[in-house]
Amino acid sequence: MSNYRVIWYSISSEVILKGAMIMKKWTWLLVFILLIGSLAACGGPKKEVSKKQDQKETLPLSKKDFLMGTVVSLKIYNAGKQDAMDASYKKIRELAAEITTNDDGKNTEIDKINANSGKKPVKVTKNMFFLIERAIFYSKNSDGGFDLAIGPLTNLWRIGFPDARKPSQAEIDNRLPLVNYKDVQLNEANQTVYLKRKGMALDLGAIAKGYIADEVAKVMKAHGVNSAIVDLGGNIFVIGHNPDEKKWNVGIQDPFSPRGSIIGKLETEEMSIVTSGIYERHLEVDGKDYHHLLDPKTGYPFDNNIAGVSIISKKSIDGDGLSTATFSKGIQGGLAYLKQFKGVEAVFVSRDKKVYITPGLKGKFELVNTDDFKMGN
């Protein structure tokens with residue numbers, strides 16, 4: 001039985017044809033005569049069949065690109081869906097141009113909002129308004145553990161960029177008053193966003209890829225795709241079933257290792273899997289490691305017992321927002337926090353390499369790296 005994994009997928013095939021044929025000279029002559037007659041009578045159709053065979057599609061249809069500061073990988077397991085692949089990448093680029101910050105110097109929607117902080121409201125697209133609405137929801141729901149207005153701090157630390165550095169306490173203290181989701185004002189009638197204080201800045205990096213993954217899945221389904229993997233740099237969405245008409249076998253990221261290393265697996269279908277963890281981006285200063293998930297209340301990376309949390313949900317935008325919101329609360333706090341969300345499950349990995357799961361994953365999640373990890377209580 002084939003085993004389809006989400007974190008990696010490889011196809012290798014080697015066809016070796018061996019054979020021998022010995023014919024007498026008169027037989028070769030007969031074959032040559034028959035061949036000439038055949039080509040003269042029906043040369044057109046023979047060429048057409050050969051052309052179709054040469055163009056036979058190899059599945060999955062796969063494409064990778066570097067977008068939004070990460071590797072984007074799409075794989076489609078339905079035949080004849082190049083149009084779906086093209087439309088999906090077009091959608092990614094369109095949305096990235098709206099909601100990313102400082103994308104190759106372009107003046108994106110987020111750049112416009114941030115540039116007008118403390119000055120005036122900025123009219124935005126329907127996509128942007130919806131995304132900011134959801135970001136505000138998770139900011140409120142998590143009591144500021146997730147805060148879409150964290151831009152002044154992320155711009156200060158710059159973890160994940162070549163100019164990353166540990167800021168001084170004075171710099172952090174100066175930026176903290178600017179980080180407050182309550183100072184983000186939305187006007188639904190005018191579809192505008194206003195940052196009340198000069199120097200405020202939105203950073204939607206903790207939720208944007210989830211939204212885009214959902215939109216790509218919609219595009220694929222509209223083009224008749226019912227078996228595919230959308231991977232936006234760790235934000236994974238599995239569409240339908242695998243090519244064997246079975247559930248996808250999804251690997252859960254090891255937060256202590258590079259992307260692609262797993263601690264366990266579970267079978268799922270038509271779901272999003274989003275992981276936030278210390279493995280993604282970090283900065284080492286004077287022997288101390290600082291990860292990129294910043295606490296809006298202290299200005300420093302969250303300091304709790306979570307090394308990584310993977311959220312399994314129907315919508316990737318929810319998985320994205322919840323992965324950061326949950327990370328902010330620690331393992332026990334995160335488990336309690338997620339109880340309010342129906343249909344959402346999670347896998348937590350502690351810094352001492354214990355694994356905790358939500359009740360809905362009991363009997364479904366399998367720990368495979370039992371040498372380094374063990375299940376917690």
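A residue counts as buried when its relative accessible area is under 20%. By that criterion helix H7 is mostly covered, with 12 of its 15 residues buried. The model examined here is predicted.

The protein contains 9 helices and 17 strands. Of its 377 residues, 49% are buried. Long-range contacts are well represented: among contacts between residues at least 6 apart in sequence, 60% join residues at least 24 apart.

The buried set of H7 comprises Ala208, Lys209, Gly210, Tyr211, Ile212, Ala213, Asp214, Glu215, Val216, Ala217, Val219 and Met220. These residues pack against strand E2, helices H2, H4 and H8, and strands E6 and E7 (235–240). From its first C-alpha to its last, H7 reaches 21 Å, close to the 21 Å expected at 1.5 Å a residue. Just after H7, Gly224 takes a positive phi of about 85 degrees.

Helix H2 (residues 82–99) was examined in the same way. Its 18 residues should span 26 Å at 1.5 Å a residue, and the end C-alpha atoms are 26 Å apart, so expectation and model agree. Buried positions in H2 are Ala84, Met85, Ser88, Tyr89, Ile92, Leu95, Ala96, Glu98 and Ile99. An α-helix has 3.6 residues a turn, so residues three or four places apart point the same way. The buried residues of H2 pack against strands E1 (61–67), E2 (70–76) and E6 (227–232). They also pack against helices H3 (109–115), H4 (126–141) and H7 (208–222).

In soluble globular proteins, nonpolar side chains tend to be buried together. Here the largest nonpolar core has 67 residues. Ile113, Leu148 and Leu204 have the most contacts inside this core. Domain 1 (61–96 + 206–375) and domain 2 (103–195) both contribute residues, so the core lies between them. A second, separate core has 20 residues, including Ile229, Val355, Leu361 and Phe373.

Leu148 illustrates the packing in the largest core. Neighbours within four places in sequence aside, Leu148 is in contact with Ile132, Ala135, Ile136 and Ser139. Its other contacts are Tyr181, Val184, Ala201, Leu202, Asp203 and Leu204.

Two strand residues were then considered. Ile263 lies in strand E9 (residues 262–268). Its relative accessibility is 0%, so Ile263 counts as buried. Excluding residues up to four places away in sequence, Ile263 touches Ile252, Gln253, Asp254, Val347, Val349 and Val355. Ile263 also touches Phe365, Leu367, Val368, Asn369 and Phe373. Val355 and Phe373, both touched by Ile263, are among the residues of the second core. Gly251 is 12 residues from Ile263 in sequence and 7.4 Å away in space, C-alpha to C-alpha.

Thr275 is found in strand E10 (residues 271–277). Thr275 has 12% relative accessibility and therefore counts as buried. Ala346 is 71 residues from Thr275 in sequence, yet the two are 9.4 Å apart in space, C-alpha to C-alpha.

Helices H8 (residues 316–327) and H9 (residues 330–337) pack at an angle of about 135 degrees. Their axes are 8 Å apart. H8 and H9 are therefore oblique to each other. Leu322, Ala325, Thr326 and Phe327 form the H8 side of the contact. Gly330, Gly334 and Tyr337 form the H9 side.

How values were computed: Residues are numbered from 1 along each chain as its sequence is written. This is a predicted model: local features need pLDDT of at least 70, side-chain atom pairs count only at pLDDT 80 or more; totals for chains, interfaces and linings use all residues. Side-chain values use heavy atoms; hydrogens and water are left out. Helices (H or I, at least four residues) and strands (E, at least two) are DSSP runs, numbered from the N terminus. The expected span of a helix is 1.5 Å times one less than its number of residues. Buried means under 20% relative accessible area, exposed over 50%, partly exposed in between (1.4 Å probe, protein chains only). Contact means heavy atoms within 4.5 Å. A nonpolar core is a set of buried Ala, Val, Leu, Ile, Met, Phe, Trp, Tyr and Cys residues joined through side-chain atoms within 4.5 Å. Domain bounds come from an automatic or database domain assignment. Axes are lines fitted to C-alpha atoms, for helices over the stretch in contact, and angles run from 0 to 180 degrees between N-to-C directions. Angles under 35 degrees count as roughly parallel, over 145 as roughly antiparallel, 65 to 115 as roughly perpendicular and the rest as oblique.
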